[in-house]
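Visitor: I am new to this structure and would like a close look at its charged pairs. Please begin there and then lead me on to the other spots worth seeing.

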Amino acid sequence: MAKLKSVTHLSTNSYNSGSGIAAIRLHNAINEKKEFESFFFTEYIKNYQFNKRIIYEHKLRTLHRKIFCKLFKIVISKNSFLNQNFESYSFLPIAPRINLNQKLCSEIFNIHWVQHEFINIFDFFSLPKNRIVWTLHDCWPIDGTEHYPLQSKKPKFYKKVQSFIKQTKKDLIKNKNIQLVAPSNWIKEKALKSFGDFIPKVITIPNPIPDIFFEEYEKSRARKNLNLPKDKILILFSSFGGEGDLRKGINLIRQLLNHEKNKKSNLEFITIGSFKDLQKFNKEKLINLGKINGNNKLREVYKASDIVLVPSLIDNLPQVATEAQACGRPVIGFNTGGMQDIIINNKTGYLSNDQNLESIQDNINKLIRNQFFSDIKSHQITERANKLWSNDIISNSYT
């Protein structure tokens, strides 16, 4: 019997962030292939069940790292030039170092989102050349400390830190001959231009969406199970970071809830995540479902919705949008980041060049006017999503 080809995925987490979920989904999709064996190295999680082949970080190291990261952020937050929601360092001696080549025995190593000091950037130099894949879940692997380029004013000291970290990553990618994987064409273009004279190897492969999202499920049944109104147009907004993640466009959602036309309309809004403060804007029009665990329940929420809003100011390939499309739901977003890979105007939703309330409201009206809620439209959206992001399509691209 031939030996199975093996890959180990490295990810800080695997269930409470978009990048972690994308990584564990890829791990599971590859394990469905008979000729491949996928392992997953992640932080220690108490009483949490996954499929198989999970390698946990030692729980004392997890505890040590999280405590010191929090203390570090408290100290650093006194310096106003740092925004901890969008910054990671991963070069400081906060956690005990790891010899990855000794700990993880595999033919291929797939690096995912490894910030919060889960892996020190210098630890990657212990991995073998020509056997590393690095998935660009955000801009951090090709930038200095920022996850996304949002800050404009930076002091000289900070610029030096960023330059040092970026040069270290450039040396790592170049010397280890790392293959970069870009989930969107937008981040692929950024990667190709990030290091000036050095052009890395980059290929575009989106994140996979599990098969359950493509399955048929009646809207009426979903609404009944979730105790949602049957006769309203339901608009969904979801964010892991809740109200604290301004990058996801939460300020525009606040404005939308407070819009006079929406107060008197047949529209109601559903939110997934921590959005307690949103209710003060329009409590009667907002249903907060809190955090949703598990693909079954998540699929049900999408199927109960009519429209999904993804008004990110900048994003890579947001899974809220691809999951919604897999469920046959039209998506409204802005023409920024990787959203143009997801939405085709007047076919799968609407993109706007203007990041404002009027553009969102106008696109909602277009979807209603053009009857995007029919079974035919829904089927067409799902069919396209299946060709782009299904497990088979994505796992075949890797294997």
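Guide: With pleasure, and one term comes first: a salt bridge is a side-chain nitrogen of Lys or Arg within 4 Å of a carboxyl oxygen of Asp or Glu. You are looking at a predicted model, in which local features need pLDDT of at least 70 and side-chain atom pairs count only at pLDDT 80 or more, while totals for chains, interfaces and linings use all residues. Residues are numbered from 1 along each chain as its sequence is written, and side-chain values use heavy atoms, with hydrogens and water left out.

Let us start at E57. Its side chain meets that of R61 in a salt bridge, with 2.4 Å from N to O. E57 also has a salt bridge with R65, where the N to O distance is 2.8 Å. These residues belong to a network of salt bridges that links E43, E57, R61, R65 and K66. How covered are they? Here "buried" means under 20% relative accessible area, "exposed" over 50%, and "partly exposed" in between, with a 1.4 Å probe and protein chains only. E57 and R61 are both buried. For E57 the relative accessibility is 2%, which is why it counts as buried; R65 is buried too, because its relative accessible area is 1%.

The whole structure holds 14 salt bridges. Among them is one between E323 and R25, at 2.8 Å from N to O. This pair links distant parts of the chain, since E323 sits in helix 11 (residues 319-326) and R25 in helix 1 (residues 18-31), 298 residues apart. Helices (H or I, at least four residues) and strands (E, at least two) are DSSP runs, numbered from the N terminus. E323 counts as buried because its relative accessible area is 5%, and R25 is likewise buried, at 6%.

Now let us leave the charged pairs and visit H9, which lies in strand 1 (residues 5-10). With 0% relative accessibility, H9 counts as buried. Its contacts (heavy atoms within 4.5 Å) take in L26, H27, I30, S38, F39, F40, F41, N110 and H112, leaving out residues up to four places away in sequence. With H112 the link is a polar contact of 2.9 Å between the two side chains. A polar contact is a pair of N or O atoms within 3.5 Å; within protein, one must be able to donate a hydrogen and the other to accept it, and residues adjacent in sequence count only if both atoms are side-chain atoms.

The next stop is N120, in the loop between strand 4 (108-111) and strand 5 (132-135). At a relative accessible area of 7%, N120 is buried. Leaving aside neighbours within four places in sequence, N120 is in contact with S90, F91, L92 and R97. A polar atom of the N120 side chain lies 3.5 Å from the backbone oxygen of F91. The C-alpha atoms of N120 and I98 are separated by 8.2 Å, although the two residues are 22 residues apart along the chain.

One of those contacts, S90, deserves a glance of its own. S90 has a positive phi of about 55° although it is not a glycine. Its place is the loop between helix 2 and helix 3 (100-103), and at 0% relative accessibility S90 counts as buried. N346 also has a positive phi without being a glycine, near 70°. N346 is found in the loop between strand 12 (331-334) and strand 13 (349-352); with a relative accessible area of 42%, N346 is partly exposed.

Let us end with helix 5 (residues 185-193), where W186, I187 and A191 are buried. They cover an arc of only 135° around the axis, so they sit on the same side of helix 5; the arc is that of the directions from the helix axis to the C-beta atoms. As background, an α-helix has 3.6 residues a turn, so residues three or four places apart point the same way. The buried residues of helix 5 pack against strand 6 (179-182) and strand 7 (201-204).
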